[in-house]
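Me: Please take a close look at one part of this model, the nonpolar core, and explain each term as it arises.

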Amino acid sequence: MMKRMLLAATLASLPLGPMLLNPALAQESNATTTIPPAPIDEAQPAAPEPAPSTDSVGTVAAEPVVVPPPSEAVIPAQRANEVRAESLIGATVFSPEGDKVGTVKDILFDTSGKATGLVLSVGGIMGLGAKSVGLTWEEVEVQPDPKLLQVKYSEDQLEAAPAFKTQEAQQAESSAQKLQEESPALPPAPGTQAPATE
């Protein structure tokens with residue numbers, strides 16, 4: 001009994017609920033009722049169309065014409081003799097003997113946009129303990145097909161080369177050195193003796 005009352009209350013709250021509960025209402029609503037259109041008075045002129053608004057609300061501004069760059073400035077497709085940076089970064093670099101010597105970590109460009117060199121990740125095991133070594137672009141032979149990078153040096157030679165330092169690393173080292181020079185020497189910790197001097 002309680003379920004029936006709950007169901008009836010739920011159906012009554014729906015928009016079609018009263019018709020579902022009372023079949024007589026449903027039959028009445030199924031009957032088609034035709035409402036005649038309002039009579040048109042031929043003597044009265046039709047209302048004029050509203051004039052377009054001159055204020056900023058509701059107006060549509062014409063879109064500006066976009067002019068593309070000149071055709072000589074656009075590169076529509078990669079040429080056969082071009083290599084994308086995306087394919088170089090992470091690529092394996094080989095020695096002339098065909099031994100793996102490292103992977104490309106980064107590409108260096110000058111301010112005019114010309115590629116000046118590569119930064120290789122050399123040594124280490126699975127990237128751990130690897131050293132960054134920078135080489136000029138002239139030291140790297142790039143063959144686009146297959147994507148092969150070759151340098152004139154062995155892995156041992158590259159590991160013996162000085163580590164590559166970014167601008168940020170150089171600035172951090174310089175700042176740390178200045179701080180060290182500017183800070184006074186700390187006195188020995190209490191309970192320790194100063195080193196003996198002869």
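Reply: Two residues are in contact when heavy atoms of theirs lie within 4.5 Å. The model is predicted, so local features need pLDDT of at least 70 and side-chain atom pairs count only at pLDDT 80 or more, while totals for chains, interfaces and linings use all residues. Residues are numbered from 1 along each chain as its sequence is written, and side-chain values use heavy atoms, with hydrogens and water left out.

The largest nonpolar core (buried Ala, Val, Leu, Ile, Met, Phe, Trp, Tyr and Cys residues joined through side-chain atoms within 4.5 Å) has 16 residues. Buried means under 20% relative accessible area, exposed over 50%, and partly exposed in between, with a 1.4 Å probe and protein chains only. The residues with the most contacts inside this core include Val 93, Val 104, Leu 118, Leu 120 and Leu 149.

Strand 2 (100–109), strand 3 (115–122), strand 4 (131–136) and strand 6 (148–151) each give two or more residues to the core. Here, strands (E, at least two residues) and helices (H or I, at least four) are DSSP runs numbered from the N terminus.

Val 104 falls within strand 2. Apart from neighbours within four places in sequence, Val 104 touches Leu 118, Val 119 and Leu 120, which fall within strand 3. Its other contacts of this kind include Leu 88, Ile 89, Val 93 and Leu 149.

Strand 4 can be followed further. Ala 161, in the loop between helix 5 (155–160) and helix 6 (167–182), is in contact with Lys 131 and Val 133, both within strand 4. Ala 161 counts as buried because its relative accessibility is 19%.
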